[in-house]
Amino acid sequence: MVDDSLNRTGASLLIDALQKNGINNLYGVVGIPITDLARLAELRGMKYYGFRREDSAVDAAAAAGFLTKKPGVAMTVSAPGFLNGLTALAQATKNCFPLIMISGSSERHIIDLAQGDYEGLDQYNVAKPFCKKAYRVDRAQDVGLAVARAIRTAVSGRPGGVYLDLPADTIAQLNDDLGEKNMVVYKLVDPAPLQEPSDDAINRAVNIIKQAKKPLIILGKGAAYDRTEKQVQELINKTDIPFLPMSMAKGLVPDDDKHSAAARSLSLKNADVVILIGARLNWMLSYGDAPQFNSDAKFIQLDIDATQFDSAQKISAPLQGDLTSILNKLVPALTATGYKVPSDWLDAIAQDTAKNDAKFAKRIKAGETNPEFGYYGAIEPINDYFQEHPDTYLVSEGANTLDIGRDMIGMKLPRHRLDTGTWGVMGVGMGYAIATAVETGKHVVALDGDSAFGFDGMDVETMCRYNLPITVVVINNGGIYNGVDNVVPDQLGPTTLDPTGRYDLIAKAFGGDNYYVTNYQQMKDTFATAVDSGRPSIINVQIDPSMGKESGHIGNLNPELNLKPLEEAEQKKIDEE
């Protein structure tokens, strides 16, 4: 008689349930109690990608969710490993990336009586505030149902993170109830049902847009996630409404499209109707407040979640549903009216855009020869490459590196740019880059500041171990924001890092390629070679430590104290010595 006991374990049922729903990649860090679970996953045909830190693994799964519209799955060990992954779980939820984080855990009866288990923590209750939903599976027979609930929760409505708590006993537990109902794992039927808005809601929005003299579309990453590029491009091309993309929506319409409102300030301040497609009026859009926005502007918002309406401004035309279904009704309804944007609005944006482009071009040109090598000279070759090779993926994080790179690097294809997103959390670079290479099979550029790279740099070893086509570019100015913050003579400043650090040698240590550049021409000669090789590599771009301003483009969020009297007193001490 064949021993089928392995097939009846919680571990086996978990793997069967994931595979039946088309999930074949796992990202994680193994240890007690999930090591054999990962081994079994590989034996059953799944691909397991082992990381050096749990947050990077969970970030990778989140990026996989964004890129595939299926929940990425990450596994962590108990307590400390679970906590390491918790930030990434919360970030996925804030970013609306579908994710399932599965953590091994202690038995409930031990936790509830506080008996002091190995790495004991009430993970199920700890996770609840940081995800869409948390589930704990106490019986092997419930594993299939738990996976089904986790997948549906992650992808339906506003996508986000789900926590699945898997006690050690459940992993090895045999389901001895052989009834068909209690052994079932199944493929979900329509896990994220389409939701169409009402005709009244569409007509309300159309009537407002028809009256607009200066309309503006703002595209958010939700529009990229929902694959709306065809509908959005049709809407823009048929009406001439200018658009402004948020960072991860870049490429939904090519950045060089004539409707691109590169004149951001002018567009926001003067738009009389603002159409939000998969974007939220949060801090990144100044909550829709004046003076950044026209105080008399009317807002039309397309969103799957009605709780996002009126979150910061009155929404005159809320359109609830999945974005594809909304646009499939809105675009023909609007275009049937023959609406076209007045030419004077387009001319004003074009003139301001040309003025801004001219200023920007001067900075870029100066960056090629500036003896103080900086961001513009370092990033220009990257943009040149992306214009010639648009099917290359970009992952970016940092302060100045992120901000200037977003302004300089034009995107032509959707979902080809991932960055720190809604929370602005650092340390996503390596996890996002690794998952992007795995899920797409394409070349990936991870553009990091030296500070940001420090959060997850050890996963360069992961990149090299799996021989992934990722080029990491570390813009090294020796500091957080910059490397010249020494306010007290006998100690390093709080933002100071090592300006002579050779981050590229980390790649060499693990068998990757390494490059070190100190000027524009070297970067121009090096970058394409590194990416085209398809090899894991790091380019250490040594720029002047004085380059970089406080907090990049969002310095207004960093409270500034009057330190001048204390600094003058310190200088006086030096002068008197």
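How many bridges join β16 to strand β17 (residues 537-542), and in which sense do the two strands run? In this model, which is predicted, β16 and β17 are joined by 5 bridges and run parallel. One pair of residues shows where the two strands meet, for Val517 has Val541 of β17 as its bridge partner.

These two strands belong to a wider arrangement, an open sheet of 6 strands whose order is β13-β12-β14-β15-β17-β16 and whose pairing is parallel. At the edges of this sheet stand β13 (417-419) and β16 (513-517), each of which pairs on one side only. From one strand to the next, the twist averages 15°. Helix α15 (residues 375-388) packs on this sheet, where it touches β12 (393-397), β14 (444-449), β15 (470-476) and β17, and the direction of the helix makes about 160° with that of β15.

A record can be set beside this part of the chain. In an unreviewed entry, UniProt lists residues 409-541 under "domain: Thiamine pyrophosphate enzyme TPP-binding". Over residues 409-541 the chain is 33% helix and 20% strand, and the C-alpha atoms at the two ends are 17 Å apart.

A further sheet is open as well, and its 5 strands follow the order β8-β7-β9-β10-β11 with parallel pairing. Because β8 (243-245) and β11 (315-320) stand at its edges with a single partner strand each, one side of each is left without a neighbour in the sheet. Here the twist from one strand to the next averages 15°. Within the sheet, β9 and β10 run parallel and are joined by 5 bridges, and Leu276 has Gln301 as its bridge partner in β10. Helix α9 (residues 199-210) packs on this sheet and touches β9, β10 and β11, with a direction that makes about 140° with that of β11.

The loop that leads from β9 (273-277) to β10 (298-303) contains Asn294. Is this residue buried or exposed? Asn294 counts as buried because its relative accessibility is 18%, and the cut-off for that class is under 20%. When its neighbours within four places in sequence are left aside, Asn294 is in contact with Leu268, Lys269, Asn270, Ala271 and Asp272.

The path now turns to the N-terminal part of the chain, where an unreviewed UniProt entry places the annotation "domain: Thiamine pyrophosphate enzyme N-terminal TPP-binding" on residues 9-123. This span is 50% helix and 17% strand, and its end C-alpha atoms lie 22 Å apart.

Strand β3 (residues 72-76) offers a way into this region, since it is mostly covered, with 5 of its 5 residues buried. In a regular strand the side chains alternate between the two faces of the sheet. In β3, Gly72, Ala74 and Thr76 point one way, while Val73 and Met75 point the other way, and all are buried. Strand β1 (residues 25-28) runs parallel to β3 and is joined to it by 3 bridges, with Leu26 having Val73 as its bridge partner. β3 also pairs with strand β4 (residues 99-105) in the parallel sense, over 5 bridges, and in this pairing Met75 stands opposite Ile102. Together with helix α4 (residues 80-95), β3 and β4 make a right-handed β-α-β unit.

Beyond β4 comes a loop that leads to α5 (108-112), and Ser106 lies in this loop. Ser106 counts as buried because its relative accessibility is 8%. Leaving aside neighbours within four places in sequence, its contacts are Ile111, Asp117, Tyr118, Glu119, Gly120 and Pro167.

The cysteines remain to be considered. A disulfide is a covalent bond between the sulfur atoms of two cysteines. How many disulfides does a search of the whole structure find? The search finds 0. For Cys131, the closest cysteine sulfur is that of Cys96, and the 14 Å between them is too far for a bond, given that a disulfide here requires sulfur atoms within 2.5 Å. Cys131 is buried, with a relative accessible area of 9%, and Cys464 likewise counts as buried, at 10% relative accessibility.

Note on methods. Residues are numbered from 1 along each chain as its sequence is written. This is a predicted model: local features need pLDDT of at least 70, side-chain atom pairs count only at pLDDT 80 or more; totals for chains, interfaces and linings use all residues. Side-chain values use heavy atoms; hydrogens and water are left out. UniProt positions are given in the numbering used here, feature names are shortened, and annotations may be inferred rather than shown by experiment. Helices (H or I, at least four residues) and strands (E, at least two) are DSSP runs, numbered from the N terminus. Buried means under 20% relative accessible area, exposed over 50%, partly exposed in between (1.4 Å probe, protein chains only). Contact means heavy atoms within 4.5 Å. Two strands pair if DSSP finds at least two bridges between them. A crossover is right-handed if, with the strands pointing away from the viewer, the path from the first strand over the helix to the second runs clockwise. Axes are lines fitted to C-alpha atoms, for helices over the stretch in contact, and angles run from 0 to 180 degrees between N-to-C directions.
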